[in-house]
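Me: I have a protein model open on my screen and would like to talk through how its inside is put together. Could you take my questions one at a time?

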Amino acid sequence: MKKLYLTSPDLQNPIPDFINLKILTTCISTNEYVDINFDSLVKSSPLLISAINQTEGKGRDGRKWISVGKGGIYISYLLSIGNKKGLNFLSIAAGTAVAEAIREVTGLSPKLKWPNDIELSGLKIGGILIENKIFKDSIYSIIGIGINVNTTKRNIHNKIKDTATYISKVSDRIIDKDDLILKITEYFFHFTNYLGKDLLQEIMSKYLKYIKHKKGDDIRFHFCGNIIQGQFEKIGNDGGIVLKLHDGTKKTYFSGEIASVT
Ligand code: BTN
């Protein structure tokens with residue numbers, strides 16, 4: 001049986017056999033790489049692309065993902081999604097997989113800002129960008145994950161220095177990036193087996209353990225070019241965020257961005 005390794009054959013837990021692996025020394029963006037080479041890569045799905053460095057990472061809502069250099073994790077999964085119900089939960093599954101993996105590998109307690117920004121000590125360390133494609137009547141998702149792992153203050157760009165941090169700063173030790181990628185992959189593929197089935201509740205209950213928002217938190221929310229003010233009510237069973245608006249009505253959002261919380 002073939003065994004795939006990220007960087008070292010000594011790893012205790014290589015990437016499971018059913019996942020194909022491609023390692024890039026550098027690329028502009030792992031999501032973009034999958035997108036551009038989609039026709040040739042789709043036959044290798046499920047696929048994990050890992051880049052040692054990334055120069056023009058993409059963030060959510062058209063933003064940039066600023067690289068911290070070789071100390072960061074830049075990965076994308078390409079997989080086929082059976083149905084639309086699965087799509088909603090993919091973002092929840094990916095966020096939960098990253099949070100569980102960080103907790104297990106580092107012993108730290110990460111938090112998730114809805115839907116799946118990963119934070120430590122109130123500052124962002126990771127983000128997830130999901131892009132979908134239709135190919136021969138099937139839905140494929142590219143799930144890109146970026147995490148600031150081992151770096152130095154010097155490598156944190158001025159634009160993000162007040163809002164972002166990196167794991168080794170909080171853990172005070174260097175973290176094995178391969179261990180982290182393997183754990184994320186293990187959790188992610190475990191959770192995605194559930195997508196579209198009746199076991200979604202298990203992912204949701206794990207996800208809720210990591211959510212940083214508390215009922216009643218004042219929230220400024222960006223939605224379709226508007227700013228909405230409301231109070232955090234809950235995360236619904238469908239993964240949407242429920243806000244209580246000033247007129248007392250409760251509204252569920254499946255997209256949008258929390259701008260600030262007080
Ligand atoms: C966000 O929080 O805005 C999402 C950031 C996602 C960044 C990752 S890094 C690997 C993958 N490739 C990209 O270009 N973006 C994602």
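What follows is a short exchange about this predicted model.

Me: Happy to start with the interior. Which two residues have the most contacts inside the largest nonpolar core?

Reply: Good place to begin. The largest nonpolar core holds 56 residues, and helix α3 (residues 84-106) gives the most to this core, with 10 residues. Within this core, the residues with the most contacts are Tyr77 and Ile167.

Me: And where does that core lie relative to domain 1 (2-210) and domain 2 (218-261)?

Reply: The thing to check is who gives residues to the core. Domain 1 (2-210) and domain 2 (218-261) both do, so the core lies between them.

Me: How many residues are in the second, separate core?

Reply: This core is separate from the one we just discussed. Among its members are Val42, Val68, Tyr140 and Ile142. Its count is 19 residues.

Me: Let's zoom in on Thr106. Is Thr106 buried or exposed?

Reply: Thr106 sits in helix α3. The cut-off for buried is under 20% relative accessible area. Thr106 has 9% relative accessibility, so Thr106 counts as buried.

Me: Which backbone nitrogen does the side chain of Thr106 reach?

Reply: There are two backbone partners to keep apart here. A polar atom of the Thr106 side chain lies 2.5 Å from the backbone oxygen of Ile102. The nitrogen, reached at 3.0 Å, belongs to Leu108.

Me: Leaving aside neighbours within four places in sequence, which residues is Thr106 in contact with?

Reply: One of them is a residue we have met, since Ile167 also has Thr106 on its own contact list, along with Ile102 and Leu108 among others. With the sequence neighbours set aside, the contacts of Thr106 are Ile167, Arg173 and Ile175.

Me: I always look at cysteines before choosing a buffer. How many disulfides does a search of the whole structure find?

Reply: Two cysteines are worth a look on the way. Cys27 is buried, with a relative accessible area of 10%, whereas Cys224 is exposed at 68%. As for disulfides, the search of the whole structure finds 0.

Me: Now the aromatics. What is the angle between the planes of Phe38 and Tyr140?

Reply: The count of aromatic pairs comes to 11, and Phe38 with Tyr140 is one of the pairs. It links distant parts of the chain, with Phe38 in helix α2 (residues 38-41) and Tyr140 in strand β9 (residues 138-148), 102 residues apart. Both Phe38 and Tyr140 are buried. The pair is edge-to-face, with 5.7 Å centre to centre and a plane angle of 80°.

Me: Which residues do ring pairs link into a cluster?

Reply: One member is Tyr77, named earlier for its contacts inside the largest nonpolar core. The cluster linked by ring pairs consists of Phe18, Tyr77, Phe188 and Phe189.

Me: What is the relative accessible area of Leu243?

Reply: Leu243 belongs to strand β12 (residues 241-245). Beyond four places in sequence, Leu243 touches residues including Ile219, Phe221, Phe232 and Tyr253. Leu243 is buried, and its relative accessible area is 0%.

Me: Last one: how far apart are the C-alpha atoms of Glu202 and Phe191?

Reply: Glu202 is found in helix α6 (residues 200-210) and, at 29% relative accessibility, counts as partly exposed. Glu202 and Phe191 are 11 residues apart along the chain. Their C-alpha atoms are separated by 8.8 Å.

Key:
Residues numbered from 1 in each chain as written. Predicted model: local features only at pLDDT ≥ 70, side-chain atom pairs only at ≥ 80, totals over all residues. Heavy atoms only, no water. Core = buried A, V, L, I, M, F, W, Y, C linked by side-chain atoms within 4.5 Å. Buried < 20%, exposed > 50% of the residue type's maximum accessible area, 1.4 Å probe, protein only. Helix = DSSP H or I, 4+ residues; strand = E, 2+ residues; numbered from the N terminus. Domains from an automatic or database assignment. Contact = heavy atoms within 4.5 Å. Polar contact = N/O pair within 3.5 Å; in protein donor to acceptor, adjacent residues only side chain to side chain. Disulfide = S-S within 2.5 Å. Phe/Tyr/Trp six-rings, centres within 6.5 Å; stacked < 30°, edge-to-face > 60°.
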